[in-house]
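Biologist: I should like to go through this model with you, step by step. Could you take my questions in turn?

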Amino acid sequence: MQKRWTIDEIKKFVENNSESKLLTTEYHGFSQKLLFKCACGSNFEKTFTKFNNKNQRKCDVCQPPKEAR
Ligand SMILES: [Zn+2]
């Protein structure tokens, strides 16, 4: 089973595990796109699943999406 995250937990996780900040203030589920602010100043949207499991913790400029297999 997947852990259920609250917005506060996500916010802490983002702060502790990346240089980005979470701008979204409500979390409705894993398929929701959350708004982050990258260390470079750009905002980017990503689901928390991608942020967490796929290590996509920066904007597409700082961390261009890798071609998946
Ligand atoms: Zn960036």
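The questions below concern the predicted model shown above.

Biologist: Which pattern of helices and strands does the chain follow along the sequence?

Modeller: The model is a predicted one. Its chain has two helices and three strands. Read from start to end, these elements follow the pattern α-β-β-β-α.

Biologist: What radius of gyration does the chain have, and how does that value relate to the globule rule?

Modeller: For 69 residues the globule rule gives 11 Å, and the value for the chain is close to that, so the chain is as compact as a globular protein of that length. Along the principal axes, the C-alpha atoms fill a box of roughly 30 × 30 × 20 Å. The radius of gyration itself is 12 Å.

Biologist: Which strands are at the edges of the sheet?

Modeller: The sheet is open and has three strands in the order β1-β2-β3, with antiparallel pairing. An edge strand here pairs on one side only. The edge strands are therefore β1 (21-22) and β3 (43-47).

Biologist: Which residue of β3 stands opposite K37?

Modeller: Strands of a sheet pair through backbone hydrogen bonds, either parallel or antiparallel. Strand β2 covers residues 33-37 and runs antiparallel to β3, with five bridges joining the two. Opposite K37 in β3 stands N43.

Biologist: Which elements give two or more residues to the largest nonpolar core?

Modeller: That core consists of eight residues: V14, L22, L34, F36, F44, F48, F51 and C59. The elements that contribute two or more of them are β2 and α2.

Biologist: With which residues is L34 in contact, apart from its neighbours within four places in sequence?

Modeller: L34 is a member of the largest nonpolar core, and its contacts include two other members, L22 and F48. With the neighbours within four places set aside, the full list for L34 is L22, T24, E45, K46, T47 and F48.

Biologist: Is K66 buried or exposed?

Modeller: K66 lies in the segment after α2 (48-53). A residue counts as exposed if 12 or fewer other C-beta atoms lie within 10 Å of its own. K66 has 9 such atoms within 10 Å, and therefore K66 is exposed.

Biologist: How far apart in space are K66 and N16?

Modeller: In sequence, K66 and N16 are 50 residues apart. From C-alpha to C-alpha, the separation of K66 and N16 in space is 24 Å.

Biologist: What share of the residues in the chain is buried?

Modeller: A residue counts as buried if 20 or more other C-beta atoms lie within 10 Å of its own. Of the 69 residues in the chain, the buried share is 17%.

Notes:
Residues numbered from 1 in each chain as written. Predicted model: local features only at pLDDT ≥ 70, side-chain atom pairs only at ≥ 80, totals over all residues. Helix = DSSP H or I, 4+ residues; strand = E, 2+ residues; numbered from the N terminus. Rg over C-alpha atoms; globule rule 2.2 N^0.38 Å. Core = buried A, V, L, I, M, F, W, Y, C linked by C-beta atoms within 7 Å. Contact = placed C-beta atoms within 7 Å.
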